[in-house]
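Let's take a walk through this model together, one stop at a time. Keep the sequence and the 3D view open side by side as you read.

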Amino acid sequence: WSTGEATASIDVSPETTTTFSVTVFDITGTASDTDEVIVTVNALPSVDAGADITITEGESATLIATGADSYVWSNGATGAEIEVTPTGTTTYTVTGISNGCEATDEVTVITEVETVTANAGDDVTICEGETVTLTASGGTSYQWSTGETTQSITVSPAITTTYTITAFNTTGTASDTDEVIVTVNALPSVDAGADITIAEGESVTLIATGADSYVWSNGATGAEIEVTPTGTTTYTVTG
């Protein structure tokens, strides 16, 4: 062979396209003939799987490979462009094929857990018997200490009560909690006094007790008012 080897078969690994010639001899070595064989060397494809990608857990990412004629990915997908939704940080390998030659490259999809910051809202003060709507924020789903799973709930506590909200991210893998206090003030014990009998045309002083401020049904304000009704009249006081 032109390589200097004298066996019928030789192994070669040329880096570029190379012509090898062989001379064959008869048994006496007095007759010979030559022939050539060309080993064409195709360059490996320059496969690029793209830069690493960071996504939020639960999202999808599009991977695009270049540099070859066809592609096979480590997840079994084929084609230059594929969409993946990894459950955690994952490295994908793509094999690119051109002219029967293969080369590989890798791309890592980094998944970050979506964080949440629960907010149950500001503390609230209501009067006994009233209702109030509590609205949470900071997550995509919610769980109240009442068992309700809506973002807003309506409550009517009989006494001061603390409500806890747990907020979750989109995939439910991260959560946070917060509290809101609903303070319930007791109703005042308002007393407008005993019923009064007067002669027509006379005036009378009405005195209310049991609250901090007062509004009467005739528009007057204050604990003590004077009235001169033209007939039997009922006065209502709000304390």
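Contact here means heavy atoms within 4.5 Å. Bear in mind, too, that this is a predicted model.

With that in hand, let's begin at Thr111, which sits in strand S8, residues 101–112. Leaving aside neighbours within four places in sequence, Thr111 is in contact with Ile55, Glu57, Pro86, Gly88 and Thr89. The last of these deserves a second look: a polar atom of the Thr111 side chain lies 3.0 Å from the backbone nitrogen of Thr89. Is Thr111 buried or exposed? Its relative accessibility is 15%, and buried means under 20%, so Thr111 counts as buried.

Now find Asn169, in the loop between strand S13 (161–168) and strand S14 (175–185). This residue counts as buried because its relative accessibility is 1%. Which backbone nitrogens does its side chain reach? One belongs to Gly172, at 2.7 Å, and another to Thr173, whose backbone nitrogen lies 2.9 Å from a polar atom of the Asn169 side chain. Not counting residues up to four places away in sequence, Asn169 also touches Val113, Glu114, Val116, Thr140, Ser141 and Ala174.

A second asparagine makes a good contrast. Asn99 is found in the loop between strand S7 (90–98) and S8. At 60% relative accessibility, Asn99 counts as exposed, whereas Asn169 counts as buried. Check its backbone as well: Asn99 has a positive phi of about 55 degrees, although it is not a glycine. Most residues other than glycine have a negative phi.

From that loop, step to strand S5, residues 70–73, where the side chains alternate. Tyr71 and Trp73 point to one face and are buried, while Ser70 and Val72 point to the other and are not. S5 runs antiparallel to S7, and four bridges join the two strands. Within this pairing, Val72 stands opposite Thr95 in S7.

Just along the chain, Ala80 lies in the loop between S5 and strand S6 (81–84). Its relative accessible area is 30%, so Ala80 is partly exposed. Setting aside neighbours within four places in sequence, the contacts of Ala80 include Tyr71 and Trp73, the two buried residues of S5. Leu63, Ile64 and Ala65 are also in contact with Ala80. Ala80 and Gly96 are 16 residues apart in sequence, and their C-alpha atoms are 8.8 Å apart in space.

Another alternating strand awaits at S10, residues 132–135. Val132 and Leu134 make up its covered face, and Thr133 and Thr135 its uncovered one. S10 pairs with strand S12 (residues 152–155) in the antiparallel sense, over four bridges. In that pair, Thr133 has Thr154 as its bridge partner.

The last stop is a space between residues. Rolling a probe the size of a water molecule over the atoms shows where empty space is left. The largest pocket has a volume of about 470 Å³. Of the 21 residues that line this pocket, the closest to its centre are Ile196, Thr232, Thr233, Thr234 and Tyr235. What kinds of residue make up the lining? It divides into 11 nonpolar, eight polar and two charged residues.

Conventions
Residues are numbered from 1 along each chain as its sequence is written. This is a predicted model: local features need pLDDT of at least 70, side-chain atom pairs count only at pLDDT 80 or more; totals for chains, interfaces and linings use all residues. Side-chain values use heavy atoms; hydrogens and water are left out. Buried means under 20% relative accessible area, exposed over 50%, partly exposed in between (1.4 Å probe, protein chains only). Two strands pair if DSSP finds at least two bridges between them. On a 1 Å grid over the protein atoms alone, a cavity is a set of points where a 1.4 Å probe fits but cannot get out, and a pocket is an open set with protein on both sides within 12 Å along at least five of seven lines; lining residues have an atom within 4 Å of a point. Grid points are joined across faces, edges and corners, and a volume is the space filled by probe spheres set on the points. Ala, Val, Leu, Ile, Met, Phe, Trp, Tyr, Cys and Pro count as nonpolar, Asp, Glu, Lys and Arg as charged, and the others, Gly among them, as polar. A polar contact is a pair of N or O atoms within 3.5 Å; within protein, one must be able to donate a hydrogen and the other to accept it, and residues adjacent in sequence count only if both atoms are side-chain atoms.
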